[in-house]
Amino acid sequence: MSLFNNFFNKILHSNNTQDNYNFVLPKSNDIQNQSNTLKPLENLDQTVYSDIKHNLEYIKVKYNALINSDIKIRNFSINFKNQKYSAFLIFIDGMVNSEVINRFVLTPLMLDTSTYSKEIISTIKSNDVTIRKVKSFNLEDTLYNMLLPQNDISRLTKFSEIISNINKGNCALFVDTLNCAFTFDVKDLKQRSIEPPTSEVVISGSQEGFVEVIRTNTSLLRRLVNNENLIIENVNVGVVTKTDCAICYIKGIANDELVAEVKYRISNLDIDYLISSGQLNHLIEDNPRSSLPQIIATERPDTATSYLLEGRVVVIVNGTPFVLAMPATFIDFLASAEDTNLKYQFANLLKIIRIIALVFTVLLPGLYIAVTTFHQELIPSELLFAIVASRNSVPFPILFELIIMELSFELIREAGIRVPSPLGATISLVGGLILGEAAVSAGIVSPITIIIVAITGISSFALPDFIISFHFRIARFSYIFLGCIAGFLGIAFGIFVHMAILANLESFGVPYLNPYAPLTEINHNGYFLAPFWKKEKRPDAFNTKRIRSQSNISMTWKKGSEK
Amino acid sequence: MKSSDLGSLEAIGIVMTIIITHIIIYLPSSIITEVGSASILNTVYITAIIFILTLLLVKLFKNFGNFDLLDIAEYLGGSALKKFLALFFTGYLIFFAGLFIRDFAESLIIVYFHDFRVSAIILLFLLASIIINKFGFRQVVRCNFIILPTILISIFVVMITSIPNFTFQRIFPVLGYGVNETFFKGLTNISAFSNFIILFYLIPLLKDKKSFNTISFTSMALSGVLLIGFVATLLLVANFDATQTILSVYLATRRISFGLFLQRPDSIFIIFWILSMFAYLSLVTALSNYVFTRSRNKTSKPIPSLIIISILIFVVSVLPQNIAQLRFLETKVLKYLCIFFVFGVNFIILILGNIKLKLKSSSKKVLQNT
C-alpha cells in the first residue's frame with residue numbers, strides 16, 4: 001500500500017519545489033553548548049609563544065582567518081646577521097594605512113637590515129689601541145630601537161592586549177624566537193569630517209560638532225579647554241566590543257567624589273557590547289526607569305567644554321557624535337546652546353517663550369478637554385458658540401477626537417523623520433495640511449482640535465532637548481485622560497504627581513530641581529541667564545573644588561578708566 | 001542632604017503652606033462672620049498677639065538647643081509624655097486635615113463637579129498625598145517649595161484684580177459689633193494662626209538651627225500680612241452674610257472679570273487652589289508621619305504609618321453628615337481645639353520644661369557651691 005502511495009505522490013508532486021521553507025532557530029541553551037567562541041575573548045590571558053608557528057596558529061584560530069576576509073596576515077623573513085627569522089604581520093584591511101606599513105614596517109625589516117650597526121656601550125683608548133665594548137645582540141631591542149621607525153610602538157606579551165590593538169586598527173608584528181609582539185599605530189580609519197551639529201543648530205556660535213571617532217572628539221575638547229588640567233581617562237566597556245570611552249574632567253575643578261562615582265559606574269558594567277552613548281546613558285543614570293533624562297547629551301564641543309568648566313564630568317563613547325555630561329538638572333534641558341551667545345535680555349526672552357512652549361506641550365490638549373467638558377464658563381460666550389458650532393458635524397467625543405489627532409501628528413512626525421530627507425517635507429505637508437483639511441471637511445474632527453494639536457506640536461519643537469521633549473509627549477497623553485476624567489482637578493493631580501516625580505529624581509547626587517528645590521545658592525546659575533560678567537561662581541550643587549569662575553570685578557578695564 | 005536639612009526658606013514655606021490653604025478654605029470668611037466690619041482691626045490685633053507669642057516661644061526654646069517639643073516632653077515627663085504628645089499632635093493634624101479636605105471637596109462639588117462623589121474627590125487627594133509621601137519627607141518639602149510661589153502669586157492676583165470691586169464703606173463701623181466682640185471674643189480668632197504649631201517641632205529639621213528665630217518671626221509676619229490682606233479683600237468685596245457659604249477665595253474671584261473676554265476667570269484659579277490643597281494634605285501627612293515615627297522606639301517593628309494616617313484622614317473627612325455639621329466642627333470645635341492644643345498644651349509643656357531646667361541648673365549650682 002505504501003508503495004502505491006509513494007508512486008502516486010511521486011507522479012503528482014514530481015515538480016514540487018519546497019514552498020514551505022521551515023527554518024527553526026535553535027534554543028539559546030543548545031547554542032551555548034555548541035559554541036564557546038566568546039569564552040576565550042573574555043579571558044585571554046595567554047602569552048605570546050616563542051615559536052612563531054604557535055603564534056600564527058593561535059592568531060588564525062582567534063580571528064577565524066580562513067573565513068574572515070578582511071584579516072590580513074603577511075608572512076615574511078627577516079635576514080639578520082646571516083640568520084633568518086620568520087615573522088608575520090597581522091592587520092585588518094580597511095583600518096590601516098597600507099603605505100605606512102609598506103614604507104615604515106616592511107621595508108626596514110625586509111630590506112634595510114644591512115644598515116644595522118652594532119651598538120657601542122663604551123670606548124676605552126690605551127696605548128693607541130681603541131677598545132670598544134659592544135652591546136651583546138638582542139633581537140627584540142634591536143627591532144624596537146633601530147628597525148621600526150614608528151612613533152607609537154608597544155611591546156606586548158598578552159594576546160588579549162595584542163588582539164585589542166589589532167581590532168582598533170593597529171598592526172602587530174610577530175617574530176620567531178621572541179616572547180612578545182610589536183604593535184604599531186598605523187590606523188587610517190575613514191571618518192566623517194567635522195561638520196556643523198545637526199540637532200543643536202546655532203546662528204552665532206561655533207559650527208563644529210563632534211564626530212564618531214573618540215580621538216577627534218577628545219582633541220576638540222582639548223583644543224577648547226586649552227589647559228593641562230583637562231584629564232581624559234580611557235575605559236573599555238563591553239566584553240565583546242571593548243568600546244573605548246573617555247572620561248573627561250578638569251582636575252582642580254570637578255569634585256573628586258563625582259569623578260570617582262562616574263568612573264565606578266562605567267567600570268562596573270557587565271555587558272557584551274556598547275554601541276552608542278545613548279546605551280551608556282541608560283546604564284549609568286540614577287533612575288533608568290524614569291522617562292526623564294538625567295544625563296545631558298550634546299554634540300557640540302563648546303557646550304561640552306562649558307560643562308567641563310562648570311565642574312561636570314563629560315563621557316565620550318567611541319562611535320557616537322553625542323557626548324554625555326553629568327550631573328544634569330531639569331533646567332539644563334531647557335537651555336539652548338545659543339543662549340550664551342546672545343545678549344542675556346534676548347536669551348531670557350527666549351527662555352520665557354520656552355516655558356510657555358513647555359506648558360503648551362504638556363498641558364494644552366488636557367486643558368482644552370477639561371475646559372470644554374467641565375469648565376465651559378471659562379470660555380467667552382462668543383468663542384463657546386463658535387466651538388459648539390464647529391463641533392456640530394463631528395460625531396465623536398472630544399477625547400476621541402484629540403487622541404486621533406495627537407496620534408496622527410505623532411505618526412506624521414515619525415514618518416517625516418524616517419523617510420529620506422527630500423520626502424520628509426512632502427510628508428509633513430501632505431500630512432499636516434491636506435490630511436487636516438480633509439479631516440475637517442469630512443467632519444471627523446473640528447477645526448479647533450486641529451488648532452490645539454498644531455500649537456501643541458509646534459511648541460514641542462521649541463524645546464531644545466529632544467529627549468525631554470519625548471518625556472513631555474508621553475506626559476501629554478496622561479494629562480488628556482486626567483482632564484477628561486476630572487477636569488482641572490485631574491490636571492492639578494497630574495501636575496502635583498509630576499512635580500513629586502521631578503522632586504524625587506537625582507542625577508549623580510544632585511537633586512533634579514536644583515537650584516530651586518531644594519533651594520541652594522543660585523549664584524546667577526538659575527534658569528534665567530545672568531550677564532556673563534555676573535556669573536562669578538560655579539553652580540553650588542556641583543560642589544566644585546574651585547568655586548569662583550571669575551573675580552568680583554571681571555571687567556578690570558573699567559577699574560582702569562576710573563583711575 | 002539628610003531628610004532633616006531644611007533651609008530657612010523651605011521651613012518658612014512649610015509654615016506658609018498651612019495658612020495659605022486655611023485662607024483659601026475658610027479663614028477670612030470665618031473671621032468676617034465673627035467680627036464683621038472690624039475684621040481688619042481684629043486681624044491686626046491677633047497678628048500683634050501672635051508676634052508676642054512668637055517672641056515667648058523663641059525665648060523658651062533658647063535654653064534647649066536642638067530640642068523640639070517632643071524632646072522637651074520626654075525631658076519633662078519621660079517617654080510616656082512624649083508619646084502622648086506625639087499622638088495628640090498626629091490626631092490633631094489628622095482631624096484638621098480630614099475636615100478641611102471634606103470642606104474643600106464639598107466646595108468643589110458645589111461649584112464645578114456636580115456629578116462627583118465627595119469620597120472620590122477625597123480619595124484622589126489622598127492618593128496624591130500617599131504617592132509623594134512614599135518618596136519621602138524632603139520630596140514633599142521640595143514639591144511644596146515649587147508650588148508655593150505659584151499659589152502666592154495667584155492670591156496676589158486675586159487681591160489686586162479685586163480692587164475695582166472694593167466698597168470701602170464696608171469697614172464701617174470700624175469696631176464692628178463692639179469692643180468686646182472685636183478684642184475679647186475676637187481673641188479666639190488667634191486660632192487662625194494654627195500654623196504656629198509647626199514651630200514647636202521645627203528645630204531638629206533645620207539645616208541651620210540658629211535661623212530658628214528668623215524663621216519663626218518671618219513666617220508669622222508673612223502669615224499675618226497675607227491674612228490681613230485677604231481678610232481686607234474679602235471684607236471689601238463680599239457681603240457679610242455671603243461669606244459662610246463656600247471657599248473664601250472663590251467668593252473674591254467670583255467677582256473678577258477681564259472685560260468681555262474672560263467673564264469667569266475663577267476656574268483658572270481653581271487649579272491653584274487644588275494644588276494648594278494637594279500641597280497642604282501631603283505636608284500634613286508628612287508631618288504627622290514624622291512626629292508619629294519619632295515618638296516610637298527605633299527598635300520596635302515599623303508599621304505602615306503613612307497608610308494608617310491616610311485612612312484616618314479619610315475616616316474623619318466622611319464623618320460629618322452634612323455641610324452644617326462640617327461648619328460647626330470647623331468654626332467651633334476646631335477653633336477651640338486649636339487654642340487649647342497649640343497655644344495651651346504646647347506652651348504649658350514648654351514652660352514646665354523651662355522651669356525644670358531652671359530648677360535643675362540652680363540645684364546643680366547649689367551643689368557646686370556647697
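**Notebook: loops, cores and crossings**

I began at P327(A), which sits in the loop between β12 (323-326) and α12 (344-373) of chain A. The model I am reading is a predicted one. I checked the peptide bond that leads into this proline from M326(A) and found it cis, with omega near -5°.

I then looked up a second cis bond. It runs from A517(A) to P518(A), with omega near 5°. P518(A) belongs to the loop between β14 (510-511) and α18 (556-562) of chain A. I noted the background for these entries: most peptide bonds are trans, and most residues other than glycine have a negative phi.

Next I turned to phi. N523(A) is not a glycine, yet its phi is positive, about 50°. I placed N523(A) in the loop between β14 and α18 of chain A. Is N523(A) buried or exposed? I counted 18 other C-beta atoms within 10 Å, so N523(A) is partly exposed.

F508(A) also has a positive phi of about 50° without being a glycine. I found F508(A) in the loop between β13 (506-507) and β14 of chain A. For F508(A) the count within 10 Å is 21 other C-beta atoms. A residue is buried at 20 or more, so F508(A) is buried.

**Domains and cores**

I wrote down the domain assignment of chain A: domain 1 covers 32-184, domain 2 covers 214-328 and domain 3 covers 343-511. Between the C-alpha centres of domain 1 and domain 3 of chain A I noted 64 Å.

Which residues have the most contacts inside the largest nonpolar core? My entry reads V314(A), V315(A), A492(A) and L275(B), in a core of 205 residues. Domain 2 and domain 3 of chain A both supply residues to this core, so it lies between them. A second core, separate from this one, has 28 residues, among them L56(A), I90(A), C180(A) and F182(A).

I followed A492(A) further. Leaving aside residues up to four places away in sequence, A492(A) touches I271(B), I274(B), L275(B) and F278(B).

**Helix crossings**

I described each pair of packed helices by the angle and the distance between the axes, as is usual practice.

The first pair joins the two chains: helix α17 (residues 466-504) of chain A and helix α11 (residues 266-295) of chain B. Their axes come within 9 Å and cross at roughly 45°. α17(A) and α11(B) are therefore oblique to each other. I recorded this crossing as right-handed. From α17(A) the contact is made by F488(A), L489(A), I491(A), A492(A), I495(A) and F496(A). From α11(B) I listed S267(B), I270(B), I271(B), I274(B), L275(B) and F278(B).

The second pair lies within chain B: helix α2 (residues 27-35) and helix α3 (residues 39-61). I noted axes that come within 9 Å and cross at roughly 110°, which means that α2(B) is roughly perpendicular to α3(B). α2(B) passes α3(B) in a right-handed crossing. The contact consists of I31(B), I32(B) and V35(B) of α2(B) with S39(B), N42(B) and T43(B) of α3(B).

**A loop glycine in chain B**

My last entry concerns G259(B), in the loop between α10 (248-253) and α11 of chain B. I counted 7 other C-beta atoms within 10 Å, so G259(B) is exposed. How far apart in space are G259(B) and F137(B)? They are 44 Å apart, C-alpha to C-alpha, and 122 residues apart in sequence.

Key. Residues are numbered from 1 along each chain as its sequence is written. Chains are lettered from A and ligands numbered from 1 in the order in which they are written. This is a predicted model: local features need pLDDT of at least 70, side-chain atom pairs count only at pLDDT 80 or more; totals for chains, interfaces and linings use all residues. A nonpolar core is a set of buried Ala, Val, Leu, Ile, Met, Phe, Trp, Tyr and Cys residues joined through C-beta atoms within 7 Å. A residue is buried if 20 or more other C-beta atoms lie within 10 Å of its own, exposed if 12 or fewer, and partly exposed in between; C-beta atoms are placed from the backbone. Domain bounds come from an automatic or database domain assignment. Two residues are in contact if their C-beta atoms, placed from the backbone, lie within 7 Å. Axes are lines fitted to C-alpha atoms, for helices over the stretch in contact, and angles run from 0 to 180 degrees between N-to-C directions. Helices (H or I, at least four residues) and strands (E, at least two) are DSSP runs, numbered from the N terminus. Angles under 35 degrees count as roughly parallel, over 145 as roughly antiparallel, 65 to 115 as roughly perpendicular and the rest as oblique. A crossing is left-handed if the near helix is turned anticlockwise from the far one by less than a right angle, and right-handed if clockwise.
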